[in-house]
Structure formats: structure tokens, C-alpha cells
Amino acid sequence: MRTERLYYSDCYLRKFDATVMEAADGGRRIYLDRTAFYPTSGGQLFDLGTLGGIPIAEVVDEEDRVAHVMTAPVLAEAVGGEIDWDRRYDLMQQHTGQHLLSAVLEELFGLKTVSVHMGLESSTVDVSAAVVTEQQLERAEQRCAAIIAEARPVEISFEDSSGDLGLRKESARSGTLRIVSIHGVDRSACGGTHLRSSAEIGLVLTGKLDKIRGATRIEFVCGNRALRRARNDNQTLAGITRALSMPAEQAAGRIAALTEQTKSIEKERLRLATELARREGRELYTATDQDSSGVRRVRQDAVIDDAMRVRAQAFVANPNAVFLAVSAAPPSVLLACSTDSGMNAGDRLKAALAKVAGRGGGNQALAQGSVPDVDALERLVEDLFQ
């Protein structure tokens with residue numbers, strides 16, 4: 001059974017009638033004699049809508065036929081289908097915009113599109129260049145805008161693959177090809193849904209650049225998506241300028257300066273925190289009495305962070321010293337020992353952790369580990385301070 005694909009010849013068809021030729025999965029997977037619903041294919045997402053009033057969850061391309069995955073069983077022999085037009089039109093704007101952007105990138109800079117991904121929030125094209133500049137993207141956007149303003153026709157034709165088709169990218173398919181043309185700009189073999197005019201693309205707006213295995217991935221949005229993004233960006237910029245109390249053109253420089261200032265302040269804060277932790281470790285050693293073996297032992301219950309590690313190291317930099325830090329969340333310990341304390345921190349902690357299914361390790365002077373729960377933590381601490 002072959003499904004007649006109505007979108008091939010009429011991308012603007014919103015409603016249609018069809019006969020159910022086969023139903024599977026209790027009526028939740030429907031095959032029709034014809035459909036206007038586009039299945040995921042060629043990088044374009046599937047359509048949504050209803051069949052017989054029942055919402056569609058997914059549309060799947062199965063070579064000669066199209067499967068409609070339903071949210072509830074369809075039991076009728078004949079159904080009416082209705083496309084979710086807002087979604088369809090948005091995808092048509094993105095897909096036709098992608099054809100235009102790819103053609104312009106090749107026309108201006110010789111950048112060939114090697115792959116395409118169409119998403120619900122944004123889309124991407126991967127082009128055959130390790131480096132693409134912002135200046136190139138700006139020129140490409142301007143060229144796209146000029147072509148959009150000219151309202152060039154977008155036409156669909158069916159032509160034999162054996163002819164000289166003048167395609168932007170040669171097709172590996174044989175026989176009759178479906179050709180989508182933007183007049184004077186692009187000719188591509190494509191089975192997707194497209195607009196009637198370049199004017200309907202509205203706007204092509206590029207976004208971030210990513211390096212992908214020797215190629216460059218260019219994010220883009222078109223049409224209403226581009227309008228929403230531009231509006232959101234303007235609102236964000238307006239909020240930033242209000243917070244900084246300065247014109248928008250000065251905001252980037254001010255933010256860069258504030259970022260550097262923040263980094264400098266954070267660096268100084270860390271330096272001071274480290275110096276404070278060292279001083280606390282030295283003072284704690286002085287305030288701690290020796291036990292019967294002449295060793296000064298101390299336990300601190302707190303989060304084990306960088307400051308705690310510095311404090312521990314400062315404490316055991318003195319003779320005959322053992323420092324234990326205990327944290328309940330997450331259950332973990334830090335053990336530090338002076339070289340003359342008679343204890344190897346790494347060996348002692350590793351042996352104790354093995355008894356309570358804990359994990360960790362370290363060296364002679366400093367070791368750290370974690371245990372599954374608080375009960376295991378208390379058993380570990382008792383073992384370490386025996």
C-alpha cells in the first residue's frame with residue numbers, strides 16, 4: 001500500500017478526507033490512502049493536528065507509506081484530517097529560510113551546507129568551513145533580507161533526475177525528483193513543505209556558532225520565531241541598560257569591566273579566606289592540648305571545603321598533630337596528620353573506609369573519603385580516633 005502525499009503538491013492544504021487502509025496497535029497507528037500530514041524526514045519535524053477529531057502524537061515515514069500515531073484509537077473507516085496550521089507554517093518558514101540561507105552562504109562565500117537540523121526553538125546548518133566570522137553572517141543576513149523583500153516565487157516541480165537540473169546539491173536519487181526552487185537563487189531536491197514566496201520567510205536571523213568536526217554549525221531562526229527572538233533580546237537589553245543606568249551601546253563595555261572587577265574581587269576574597277584559614281589552623285593548634293601520647297588531636301564538624309583543607313594543613317604543619325574534619329551532608333571525612341604523628345593519613349583512612357563500604361584515599365599527610373550514610377560516618381570516626 002502506498003500513501004498519496006498531498007503535501008507534495010499543495011503545502012497549504014489544511015483539511016482533507018481520507019480512507020483508513022490499515023490500523024495497528026488497537027487503532028493507535030493509522031495508515032491512510034492519502035495524507036496531508038508531513039512525517040519527520042529530511043531534517044524537518046512532523047506535523048501535528050487531528051484525524052477524526054483525535055489528536056495526532058507523531059507522523060512517521062515508512063518509505064512508501066505514512067504512519068499516523070494517535071493519542072487514542074481511531075475506529076472509523078473514513079476520517080477527516082486537519083493540520084495544526086500554526087506549527088506547519090512555522091516549520092515552512094524555517095525550512096524555506098534554511099534553503100535561502102544555505103544558498104546565500106554558498107553564493108557569497110562558497111560555504112556548502114553539509115547537514116541540517118530543524119528544531120522547535122531554533123535550527124542549524126553545518127557548513128564546510130572550520131571558521132565562519134560574524135561579518136560573514138551579517139552579510140548573509142543582509143543578502144537574505146534583500147531577497148525576502150523582492151518576494152521571489154518559491155515553486156515546486158517534478159523533474160527527471162537524468163536531466164541537467166542545476167541543483168545546489170546533487171541528489172543521489174534516481175527517477176522523478178521533487179525540486180523546490182527560490183527563483184534565481186536556489187534549486188534543491190527536497191520533499192519538505194515550503195512557502196509560496198520568499199516574502200513569507202519574513203526574516204532570517206543567525207545565532208551562535210559552534211565548531212563541529214572541522215565544520216561550523218550556524219544557528220538560525222526565521223519568520224515569527226525571529227520576531228520573537230528579536231523582541232526578547234530587546235527586552236533583555238532594555239533590562240540590562242536600566243540596571244546599569246546607561247545607553248545600550250555602552251552596556252557591553254560596562255559589563256566587561258564589571259566582570260573583570262568581579263574576578264579581581266573574587267581572587268582577593270579567596271586569598272583572604274585562605275590566609276584566614278591558615279591563621280585559624282595555627283591558632284587551633286596552639287589552643288589544643290596534647291593527649292597522653294603527646295599528640296594534639298582535633299575534630300571539626302563542618303562542610304569540607306577548600307578552607308577546611310587549608311585549616312587542616314596549617315594545623316598539621318606543626319609537630320605531633322592530627323586533624324579530623326567530619327561532614328554529615330554529604331557523609332564524609334578529611335584526615336590530616338603531621339609527619340611525626342605516627343599516623344599515615346592515607347593508609348589509616350583507607351583501612352577504616354573498607355570496614356564501612358566507604359570510598360576515598362590520599363597520601364601520608366592528607367586523605368579524604370565518603371561513606372553511604374550517617375551511621376557509617378559515626379562508625380568511621382570512632383575507628384579513626386581510637
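Colleague: Which residues of helix α5 are buried in this predicted model, and what covers them?

Modeller: In this predicted model, helix α5 spans residues 306-316, and its buried residues are M308, V310, R311, A312, A314, F315 and V316. The cover over the buried residues of α5 includes α4, β16 (296-301), β17 (321-328) and β18 (331-337).

Colleague: What makes D305 a cap of α5, and at which end?

Modeller: D305 caps the N-terminal end of α5, where a side-chain oxygen of D305 lies 3.3 Å from the backbone nitrogen of A307. A polar contact requires N or O atoms within 3.5 Å, so a distance of 3.3 Å satisfies that limit.

Colleague: Why is the pair R88 and D47 called a salt bridge?

Modeller: The cut-off is 4 Å between a side-chain nitrogen of Lys or Arg and a carboxyl oxygen of Asp or Glu; the side chains of R88 and D47 meet at 2.6 Å, N to O, and the pair therefore qualifies. R88 lies in helix α1 (residues 85-109) and D47 in the loop between β4 (34-35) and β5 (49-51), so this salt bridge ties together parts that are 41 residues apart in sequence.

Colleague: How do you know whether R88 and D47 are buried or exposed?

Modeller: Buried means under 20% relative accessible area; R88 has 0% and therefore counts as buried, and D47, with a relative accessible area of 0%, is buried too.

Colleague: What makes E266 and R269 a salt bridge, and where do they lie?

Modeller: The closest N and O atoms of E266 and R269 are 2.8 Å apart, which is within the 4 Å limit. Both residues lie in helix α4 (residues 248-287), three residues apart, about one turn of the helix. An α-helix has 3.6 residues a turn, so residues three or four places apart point the same way. E266, with a relative accessible area of 35%, and R269, at 44%, fall between the 20% and 50% cut-offs and are therefore partly exposed.

Colleague: Why is K355 called exposed, and what is D383, its salt-bridge partner, called?

Modeller: Exposed means over 50%, so K355, with a relative accessible area of 62%, is exposed, whereas D383, with 14%, is buried. Their side chains meet at 3.2 Å, N to O, and the pair links distant parts of the chain, K355 in helix α6 (residues 345-355) and D383 in helix α7 (residues 374-384), 28 residues apart.

Colleague: What joins E22, R29, E62 and R65, and how many salt bridges are there by this rule?

Modeller: Salt bridges that share partners join E22, R29, E62 and R65 into one network, and the count by the 4 Å rule comes to 25 salt bridges.

Technical notes
Residues are numbered from 1 along each chain as its sequence is written. This is a predicted model: local features need pLDDT of at least 70, side-chain atom pairs count only at pLDDT 80 or more; totals for chains, interfaces and linings use all residues. Side-chain values use heavy atoms; hydrogens and water are left out. Helices (H or I, at least four residues) and strands (E, at least two) are DSSP runs, numbered from the N terminus. Buried means under 20% relative accessible area, exposed over 50%, partly exposed in between (1.4 Å probe, protein chains only). Contact means heavy atoms within 4.5 Å. A polar contact is a pair of N or O atoms within 3.5 Å; within protein, one must be able to donate a hydrogen and the other to accept it, and residues adjacent in sequence count only if both atoms are side-chain atoms.
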